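I opened the notebook to look up how the helices and strands are arranged. The entries follow.

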Amino acid sequence: MPNGKPLGESWGGAGARPLDRQGAALHPPKDPVLWDPVVFEGPMRDFHEARQRIALIGAPIEVGTSEPGALMGPAALRTAGLVRTLADLGHGIEDRGDIAPAGLPPGATGLPAVAAWAQALSEAVEAALTQGCVPLAAGGDHSLSLGSVDGAMRHCARTGKPLMVLWLDAHADFNTPETSPSGNVHGMPLAALCGEPGFSGLFRQPAPPPLDPNQVHLFGLRSVDAGERALVHARQVGVTDMRAIDEFGVVAPLRRVLERAAEEEAHLHVSLDIDFLDPSVAPAVGTAVPGGATFREAHLIMEMLHDSGLVRSLDVVELNPFLDERGRSARVLVELVASLFGRRILDRAASPLETLPTEQVKRG
Ligand SMILES: [Mn+2]
């Protein structure tokens, strides 16, 4: 998207401070609440150029984890320039503030507390989708996806679209209260969404049919508990683990997921857990597992997701600013979200995959 910025401006020089925006005064931010009413359900190529309406929904939830700090995540993402960055890309972005669950007793923990948050987020996400916005749920621990995916499921049930969920994460998050070694709900959302037992009272009623595990794809997996390993296998959840990424890179496995989503004309929900990234890239994480995605792999994934034109809802979760190093991880996440919403190094006429040298030779 042409935005008049000098090439490479937001990438700084050597030592890369990705969000160093010293040139910001030359590029005054656009009014963040005004947008042209564009319809972005059209053909994919139009979608690439379309301005989208994005609804930022803060979900400062940390009752799903035992490591305090994730409730500061939405504030840190805002501080790192999330709203301005998306507005600079030409999108209409409305910051809807943080959700606040009704009737949550102070000090409530466990599933009842998670349920209150999830139901509030589900309503907010469903409302944003109904209004034609792309909801961006900013967390908060990963239990928030119980709400965001539930909201997307309700929207899809009403519009007749199949839902596919791409789970970018070091973990499978497919534990049940029975299999979980820690008891932390942020390791359970996919199991609950897929209808495993032990989660009564979690969702708004009447609940839509559970998510089909075959419509879920885990990407970047490198740490799975024994009980959930059996469950992921038995339920035939799609998996691209780090071993597969080491062997084949990110492009081929992700392309298969996207091709299937395109064939199904699916609503693609992307859930980005910061621990998908290697901790050296994004240290602000309570559940660090070495051997994660690199900075470039993550950006390539985001660019491919944008090019697909299929992403209709997004979570950014598990940022723990208390563990960050001078805001570095929050900045990385904002950069990744920018790539997913269309920022690229050079404007290209077609997908990078279509402009490989062989293709040019063929055309010439
Ligand atoms: Mn997770």
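Within what distance do the axes of helix 4 and helix 5 come, and at what angle do they cross? I found that the axes of helix 4 and helix 5 (residues 145-159) come within 7 Å and cross at roughly 40°. Helix 4 is therefore oblique to helix 5 (angles under 35 degrees count as roughly parallel, over 145 as roughly antiparallel, 65 to 115 as roughly perpendicular and the rest as oblique).

I noted the ground rules next. This is a predicted model, in which local features need pLDDT of at least 70, side-chain atom pairs count only at pLDDT 80 or more, and totals for chains, interfaces and linings use all residues. Residues are numbered from 1 along each chain as its sequence is written. Helices (H or I, at least four residues) and strands (E, at least two) are DSSP runs, numbered from the N terminus. Axes are lines fitted to C-alpha atoms, for helices over the stretch in contact, with angles from 0 to 180 degrees between N-to-C directions.

I then looked up the sheet. It is open, has eight strands in the order 2-1-3-8-7-4-5-6, and pairs in parallel (two strands pair if DSSP finds at least two bridges between them). Strand 2 (92-98) and strand 6 (238-241) are the edge strands, each pairing on one side only. The twist averages 15° from one strand to the next.

I checked one pair: strand 4 (residues 163-168) and strand 5 (residues 216-221) run parallel and are joined by four bridges. Val165 stands opposite Val216 in strand 5.
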